Number of protein chains: 2
Amino acid sequence: MTKVVFLGFGNVNSHLLNALKNSSEVSVKQVFNRNYVKMISPFEKIPFTDEISKIADADVYIIGIPDDAISTFSESLLFQNKLVVHTSGGAALNVLSSKNRRGVFYPLQTFSKQREIDFEQIPICIEAENSNDLETLQKLGKTISKNVAEISSEKRAKLHLAAVFVNNFVNHLYEIGSEILNEDDLPFDLLKPLIAETASKIKTLSPEEAQTGPAKRNDKKTIEKHLHLLADSPYTKLYELFTEQLSQKYGKKL
Amino acid sequence: MTKVVFLGFGNVNSHLLNALKNSSEVSVKQVFNRNYVKMISPFEKIPFTDEISKIADADVYIIGIPDDAISTFSESLLFQNKLVVHTSGGAALNVLSSKNRRGVFYPLQTFSKQREIDFEQIPICIEAENSNDLETLQKLGKTISKNVAEISSEKRAKLHLAAVFVNNFVNHLYEIGSEILNEDDLPFDLLKPLIAETASKIKTLSPEEAQTGPAKRNDKKTIEKHLHLLADSPYTKLYELFTEQLSQKYGKKL
């Protein structure tokens, strides 16, 4: 039985708690947060504290707070030589205070309060300083996911960068699509099957094989028409940059 | 029974044929293409011609060729006053020759040879010049999709522009993610659950509600780290532009 305490209770930790609490091999001992957090009903049995001196004993402490607060917070913990991990894609292992044994437990996914998450397919990227701790994290990860991978801080940084492109930036393109349709009173729903298929395609095709459209086929007329439609929209620059990169990639000068 | 002839046999028409040939209300009379196309086995029974003078009689002629060829090709047809539609998102109805009754039958989806497509959820955007033809296209669309919508050429142009953002450009971001991982010998598979969830989220959340990440939360340190990792990559500009737009959108100056 792995005893776990959650330090901080934002999107990542609340989703992790939700997943780990159901495992028969994990005992969630406590949630610590600076402000009181209302635990929704299934969590009610889990003790809560907002006092750093009252943090319970555990095998693994999981920090889920903003990246730039991890260092100071981990230094402020009153215990030593315990396994303390953070859940960040963007922060290195060594931002954690060295007074405890350090590790990383990074679920590579986008978390929103309103969405339930099935962890089974989510890569859990783990890192630790010794093989015992690595094994503990491996075991913990496997209780919720089929895909636990040891990834160094350096590689995790690249992974996080790539994640920003395929998640945050992709989502911004959805937003732009939605705005363009709104202007003409067209429902965003019209784009949803296309969005689903675009994502679904790359399960079996490489992004290169999956690519289509005016920039790839060097369809200058359509590109000009689109730029004309965009006029002085803030998205013109983005359209031009993508089109330039796509036409370079597919070997066709515009 | 609606008699249909396909004019051109690229990605769109071959997928449309595949969908329409199974309908009991549709009879696919012929495929015309300038070059011989090998019909894969299920299509073998459908007559083929490469001679414009031998195009069969039909209720609807569906043109699936590059946008800039539609005008000349439709002018070269030897019959008149028939319902001739194109399947393009980017071309107006009036690029078609007026010697036939003109229409549009645009399935809003990305088509690749290697992918089977379920048309049921795909919006079919139709347009015609009179109510009879509109009804014919409505009926034809409904044999394969639950979602047939009358959309003007003007609105369809905006829809097509939005589609380029949420499909071609999104797919290019997948490509960038894949390249970033490749550099560090990380498998693209690691990103696939994130890509799936990013697309899945906006079935129930607006893109605005779904947004997360360093640019939204004005996490300057992470942004700087990412720009440092990108160094002189061609994708730096794209990263900066997205980050600028996201931070403006979410009201946080960088």
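Trainee: Which residues of chain A does the UniProt annotation "domain: DUF2520" cover?

Mentor: This is a predicted model: local features need pLDDT of at least 70, side-chain atom pairs count only at pLDDT 80 or more, and totals for chains, interfaces and linings use all residues. Residues are numbered from 1 along each chain as its sequence is written, chains are lettered from A and ligands numbered from 1 in the order written, and side-chain values use heavy atoms, without hydrogens and water. UniProt annotations may be inferred rather than shown by experiment. In the unreviewed entry, this annotation covers residues 122–244.

Trainee: How much of residues 122–244 of chain A is helix?

Mentor: Helices (H or I, at least four residues) and strands (E, at least two) are DSSP runs, numbered from the N terminus. Chain A has eight of each. Over residues 122–244, strand makes up 7%, while helix makes up 63%.

Trainee: What share of the residues in chain A is buried?

Mentor: Buried means under 20% relative accessible area, with a 1.4 Å probe and protein chains only. Chain A has 254 residues. Its C-alpha trace spans about 65 × 40 × 35 Å along the principal axes. The buried share is 58%.

Trainee: Why is helix α5 of chain B largely enclosed by the rest of the structure?

Mentor: Look at residues 192–201 of chain B, which form α5. Among the buried ones are B:Pro193, B:Leu194 and B:Ile195. The helix is largely enclosed because the buried residues number eight of the 10.

Trainee: Which helices of chain A help cover the buried residues of α5(B)?

Mentor: The cover comes from both chains. Chain B supplies, among others, α4 (153–183) and α6 (207–210). From chain A, the cover includes α4 (153–183) and α5 (192–201).

Trainee: Which strands are at the edges of the open sheet in chain B?

Mentor: Two strands pair if DSSP finds at least two bridges between them. The open sheet has eight strands, with mixed pairing, in the order β3-β2-β1-β4-β5-β6-β7-β8. Each edge strand pairs on one side only; these are β3 (48–49) and β8 (148–150).

Trainee: How many bridges does β1(B) form with β2 of chain B?

Mentor: Five of the six residues of β1(B), residues 2–7, are buried, so this strand is largely enclosed. B:Lys3 stands opposite B:Ser27 in β2(B). β1(B) and β2 (residues 26–32) pair in the parallel sense, and the bridges number six.

Trainee: Which residue of β4(B) stands opposite B:Val5?

Mentor: Strand β4 of chain B covers residues 60–63. It runs parallel to β1(B), joined by four bridges. Opposite B:Val5 stands B:Tyr61.

Notes: Buried < 20%, exposed > 50% of the residue type's maximum accessible area, 1.4 Å probe, protein only. Contact = heavy atoms within 4.5 Å.
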